Amino acid sequence: MRIILFTGKGGVGKTTTAAATAIKAAEEGKKTLIISTDPAHSLSDALNLQLHPEPTEIGENLWCMEFDVYYSMKKYWGNMREMMKAIFKFQGVKNVVAEELSVVPGMEEGAAFLWIEKFYREKTYDVIIIDSAPTGETLTLLSLPQVTKSWLTKAFPGQRFAVKTLGKVVRKTTGIPVDRGYDEMQQLFDKLETIQKVFLDPAICSIRIVANPERMVVQESKRAYSYLQLYGYNVDAVIVNRILPNVESEFFAQYISKQEEYLAEIEESFYPLPIFKVPHQGKEVFGIDLLKEIGSAIYKDISPLDVFHLEKPLEVIDIENGYQVKLKIPFIEENDFDLKKFGDELIINLQNRRKNVFLPKFANYMKMVNYSYDNPWLTIDLQRD
């Protein structure tokens, strides 16, 4: 199976690009599913079709879905949701607020993970294309297993045995499915962690950044690339969308001049990633026929399912009396981050993001003696005590 996730700033054309890629994959004879994780549900607008929270076949080898978090919770995690609602109500929270709180933070983005785990386990499709929400929500999605487990552990502290034993009594006396809800929580953790490992496998999953040749978009694309490398996900391409033709026009002259500068910056900043350029179509793009044209403009004669770039974001190298750890984190300054080591764990605080990197067990008995940053590599020297 191949999984391809498209991310980028809101409004750059992720949905169009993802849909065009899915259509091209389906034309190659691959059973293809495109999932929208964007609450705006723009995929149905792009395809000009009514979609549903379950996969809907819209053409040969092509299925689409726009999931609904409440639908998913009700269908697959009803006991857990009822348990959380009941506990919040018991604590004095009003019904409508309890209903909202019963959706775990990040679940709207993370529902995609759980659906993908199901499709991956069942081998239902050859290709899954993810039209993700804007960059920030994508990063929430990809870090969701740790975030969700942390939140639920704090929300419902206690030993598993106590929850299970007490839960059976509570269920018999009050009807609140505490024990069954707890089981569903554990299954949810397991599924999230399983599919995250799949996302971290570059042979299966590629992430593609969609951008426009505009200053704010380029800056956000760089930040997204830094964070994705930090978390260990393989970015295999950048797709630059809506490039205006270089025509004689006094009205567009300044814009086209700046566009050339940003295109050059993208080429330089993201090297050696392949850059796919998509000219502006001069019209709104919606409907399968126009999306086919976009797919051809992006990929031409190559398959969209290829892995276009593969690079390890973390290396461990032998040095005298220890090891050198190299992490690829592009587009940061040395004073942008803070680095600490506890046992075999590195903690990197990068602006408003935090990453825990677990090193081989032997690092537990070593001390960090030095670190340096030379774009894009963060190098950490570890020595034996």
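Two strands count as paired here if DSSP finds at least two bridges between them. On that basis, this predicted model holds an open sheet of eight strands, lined up as β3-β4-β2-β5-β1-β6-β7-β8 with mixed pairing. At the edges sit β3 (56–59) and β8 (275–279), each with a partner on one side only. Neighbouring strands in the sheet are turned against each other by 25 degrees on average, direction ignored. In general, the strands of a sheet are held in pairs by backbone hydrogen bonds, parallel or antiparallel. Here, β1 (residues 2–7) and β5 (residues 127–131) run parallel and are joined by five bridges; F6 stands opposite D131 in β5.

Helices come up against this sheet too. α12 packs on it, touching β7 and β8, and its direction makes about 175 degrees with that of β7. Helix α13 (residues 288–299) lies across β1, β3, β6 (205–211), β7 and β8, and runs at about 140 degrees to β8.

F6 and D131 turn up again around K14, a residue of helix α1 (residues 14–27). Apart from neighbours within four places in sequence, K14 is in contact with F6, T7, G8, K9, D131, S132, A133, P134 and V210. K14 counts as buried because its relative accessibility is 5%, with the cut-off for buried set at under 20%.

Now for the surface. F251, F252 and Y255 make a nonpolar patch of about 350 Å². F252 sits in the loop between β7 (235–243) and α12 (253–270), and is partly exposed, with a relative accessible area of 37%. N335, in the loop between β10 (322–328) and β11 (337–342), is exposed at 69% relative accessibility. N335 and Q351 are 16 residues apart in sequence, and 9.8 Å apart in space from C-alpha to C-alpha.

Terms used:
Residues are numbered from 1 along each chain as its sequence is written. This is a predicted model: local features need pLDDT of at least 70, side-chain atom pairs count only at pLDDT 80 or more; totals for chains, interfaces and linings use all residues. Side-chain values use heavy atoms; hydrogens and water are left out. Patches are made of residues with over 30% relative accessible area and no salt bridge: like charges are joined within 9 Å, nonpolar side chains (Val, Leu, Ile, Met, Phe, Trp, Tyr) within 5 Å. Accessible areas come from the Shrake-Rupley method with a 1.4 Å probe; for residues, only the protein chains shown count as cover. A salt bridge is a side-chain nitrogen of Lys or Arg within 4 Å of a carboxyl oxygen of Asp or Glu. Helices (H or I, at least four residues) and strands (E, at least two) are DSSP runs, numbered from the N terminus. Buried means under 20% relative accessible area, exposed over 50%, partly exposed in between (1.4 Å probe, protein chains only). Contact means heavy atoms within 4.5 Å. Axes are lines fitted to C-alpha atoms, for helices over the stretch in contact, and angles run from 0 to 180 degrees between N-to-C directions.
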